[in-house]
Amino acid sequence: QVQLVESGGGVVQAGGSLRLSCAASGRAFSSYVIGWYHQAPGKEREFVAAISGSGLSVNYADSVKGRFTISRDNAKNTVYLQMTKLKAEDTAVYYCQSSYLTTVQAMSVRPPHEFGSWGQGTQVTVSS
């Protein structure tokens with residue numbers, strides 16, 4: 001089991017960039033697929049991106065393809081989400097989540113409510 005803490009959110013103008021971080025504590029970090037999700041006000045939590053334990057496989061929601069990049073540094077137990085060309089509709093609380101020994105494809109289709117617990121997330125606000 002790993003514990004995750006999100007950071008890096010803030011207020012940015014449309015077209016700008018932000019980098020989110022997901023710091024993990026616990027063992028065998030490289031055995032976990034890590035995913036980013038977001039939840040806008042009044043909407044359900046949605047998948048954004050996922051990265052395999054090795055970092056070699058990634059998966060993105062269609063809405064962020066070409067704009068967001070997920071990466072990880074296993075030496076630092078951290079996963080990043082580089083967000084560029086931000087839009088007002090990207091405004092949401094962003095969360096990271098872990099899944100042990102699975103695939104990025106499986107994580108992308110797993111309903112978020114099936115995960116046991118979530119961290120506090122980090123707020124991203126894009127002003128137009």
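Q: How many helices and strands are there in the protein chain?
A: In this predicted model, the protein chain contains one helix and 10 strands.

Q: What pattern do they follow along the sequence?
A: The order is β-β-β-β-β-β-β-β-β-α-β. The radius of gyration is 13 Å, close to the 14 Å given by the globule rule for 128 residues, so the chain is as compact as a globular protein of that length.

Q: And what does the C-alpha trace span along its principal axes?
A: The C-alpha trace spans about 40 × 30 × 25 Å along those axes.

Q: What share of the residues is buried?
A: Buried residues account for 45% of the 128 residues in the protein chain.

Q: What about the area that the chain exposes?
A: The protein chain exposes about 6600 Å², and carbon and sulfur atoms supply 48% of that area.

Q: Back to the fold: of contacts between residues at least 6 apart in sequence, what share joins residues at least 24 apart?
A: Within that set of contacts, 60% join residues at least 24 apart.

Q: Turning to charges, how many positive and negative ones are there?
A: There are 11 positive and 8 negative charges, and their mean positions lie 7 Å apart.

Q: Where is K65?
A: K65 is in the loop between β6 (58-60) and β7 (68-73).

Q: Why is K65 called partly exposed?
A: Its relative accessible area is 48%, and partly exposed covers values between the 20% limit for buried and the 50% limit for exposed.

Q: How far apart are K65 and E6?
A: K65 and E6 are 59 residues apart in sequence, and their C-alpha atoms are 21 Å apart in space.

Key:
Residues are numbered from 1 along each chain as its sequence is written. This is a predicted model: local features need pLDDT of at least 70, side-chain atom pairs count only at pLDDT 80 or more; totals for chains, interfaces and linings use all residues. Side-chain values use heavy atoms; hydrogens and water are left out. Helices (H or I, at least four residues) and strands (E, at least two) are DSSP runs, numbered from the N terminus. The radius of gyration is taken over C-alpha atoms; the globule rule is 2.2 Å times the number of residues to the power 0.38. Buried means under 20% relative accessible area, exposed over 50%, partly exposed in between (1.4 Å probe, protein chains only). Contact means heavy atoms within 4.5 Å. Accessible areas come from the Shrake-Rupley method with a 1.4 Å probe; for residues, only the protein chains shown count as cover. Lys and Arg count as positive and Asp and Glu as negative; His and the chain ends are not counted. The place of a charge is taken as NZ of Lys, CZ of Arg, CG of Asp or CD of Glu.
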